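Please open the model in your viewer and keep a selection tool at hand. The tour begins with the whole chain and then moves to individual charged pairs.

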Amino acid sequence: MAAPRIVLGIESSCDETGAGLVRDGRLLGHAVASSMDEHARFGGVVPEIAARAHVHALNPVVRGALDRAGLRLGDIGAVAVTTGPGLSGALQVGLAGAKSLAYALDVPLYGVHHLAGHVAADTLEHGPLPDPCVVLIVSGGHTSLLLVRDLARDPITHLGDTLDDAAGECFDKVARVFGLPYPGGPAVDRAARDGSADAVAFPRPLTGPGDDPYAFSFSGLKTAAARWAERHANGDGALPVADGAAALQEAIADVLTRKAVAACAAHGVNTLVVVGGVAANSRVRALAEERCRAAGITLRVPPLGLCTDNGAMIAAVGDLLVRAGADPAPLDVSIDPSAPLEYAALHPTATVARAA
């Protein structure tokens with residue numbers, strides 16, 4: 001039997017350049033470079049700045065991952081890369097680098113869906129995903145409830161998705177109104193430590209009778225928080241940022257965990273996996289743990305370092321695809337910046353991407 005391949009994963013969908021190395025489900029080493037500080041003064045990610053940062057960071061990040069794993073380029077047996085969704089220019093940089101490495105090393109190349117990478121990140125800490133499991137993805141641009149079986153082989157079932165702003169977008173946009181720095185999620189989390197979650201009665205969107213039980217909507221919550229801040233700005237008192245942050249965080253955590261636990265119960269699933277950048281939020285993690293324990297559900301959340309974008313999660317998907325005997329990407333594999341999450345492998349060609 002052939003020895004398991006070492007898979008190099010490359011992630012460049014937004015403002016983090018990541019490289020990771022995985023073999024047989026085990027993380028060997030990874031490195032991440034972020035251009036977040038360059039975007040902070042603009043209050044959000046600037047695509048051109050992100051793409052330029054990836055060009056400068058890609059080779060050092062790959063070298064850093066190899067050094068941490070004690071490996072050489074010649075040890076790589078396959079390359080996996082994010083081909084969507086994400087910023088077009090940023091994705092192109094990662095794909096160009098991955099194609100070059102795969103060609104030079106004469107190893108197979110695999111295109112990976114970014115969100116499947118977040119799902120696979122948990123396997124690097126807790127082992128194979130139970131079949132089935134419910135996965136809650138919460139990040140800057142995505143909030144989804146999924147039913148996942150064999151991640152490498154089976155289609156991914158969407159139970160519910162966000163109808164407008166994702167949870168991470170809500171954090172970022174409200175943080176700006178509150179006068180907190182970018183990125184908003186960590187800033188709100190820090191500010192909330194000194195506030196009271198009961199201080200402001202923010203709404204819980206789509207949690208009433210007759211609402212879609214698994215869909216999400218955070219636009220109304222964002223507006224409610226902005227209106228609350230405006231009322232204080234027009235009055236005499238200073239804005240109680242800590243209370244607003246705590247109440248906002250509680251509302252988001254409440255909606256996310258309530259729907260996720262309900263999905264597990266409705267589908268007879270006893271494992272909930274929470275992934276994505278917002279999974280690093282302290283209140284989301286604590287409330288998910290509390291509600292899962294009460295419902296007899298096993299909760300799995302990746303370590304903080306694997307919640308945000310990284311190359312290790314892409315390598316984890318590549319490793320699963322290699323071990324499942326999946327076909328590598330064709331030579332004309334392209335990117336799809338708005339790719340829906342249907343399968344973990346994502347091998348669009350230029351023609352398909354343009355048609356989409």
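Colour the protein chain by secondary structure, and you should find 12 helices and 10 strands, where helices (H or I, at least four residues) and strands (E, at least two) are DSSP runs numbered from the N terminus. This is a predicted model, in which local features need pLDDT of at least 70 and side-chain atom pairs count only at pLDDT 80 or more, while totals for chains, interfaces and linings use all residues. Residues are numbered from 1 along each chain as its sequence is written, and side-chain values use heavy atoms, with hydrogens and water left out.

Next, show the C-alpha atoms alone, which fill a box of roughly 65 × 45 × 40 Å along the principal axes. The radius of gyration of the protein chain, taken over C-alpha atoms, is 20 Å, which agrees with the value near 21 Å for a compact globule of 356 residues (the rule being 2.2 Å times the number of residues to the power 0.38).

Switch to a surface display: 52% of the 356 residues count as buried, meaning under 20% relative accessible area, whereas exposed means over 50% and partly exposed lies in between (1.4 Å probe, protein chains only).

Now turn to the charged side chains, among which a search of the whole structure finds 15 salt bridges, each defined as a side-chain nitrogen of Lys or Arg within 4 Å of a carboxyl oxygen of Asp or Glu.

Select K222 and D165, which form a salt bridge with their closest N and O atoms 3.0 Å apart. This pair links distant parts of the chain, since K222 lies in helix 8 (residues 219-233) and D165 in the loop between strand 8 (157-161) and helix 6 (167-177), 57 residues apart. K222 is partly exposed at 21% relative accessibility, whereas D165 is buried at 9%.

Move on to D254 and R291, whose closest N and O atoms are 2.9 Å apart in another salt bridge. Here D254 in helix 9 (residues 241-266) is joined to R291 in helix 10 (residues 282-295), 37 residues away in the chain. D254 is buried at 7% relative accessibility, and R291 is partly exposed at 26%.

Stay on helix 10 and select E289 and R293, a salt-bridged pair with closest N and O atoms 3.1 Å apart. Being 4 residues apart in helix 10, E289 and R293 are separated by about one helical turn. E289 is partly exposed at 43% relative accessibility, while R293 is exposed, with a relative accessible area of 56%.

Finally, select D165, E169, K173 and K222 together, because salt bridges that share partners join these four residues into one network.
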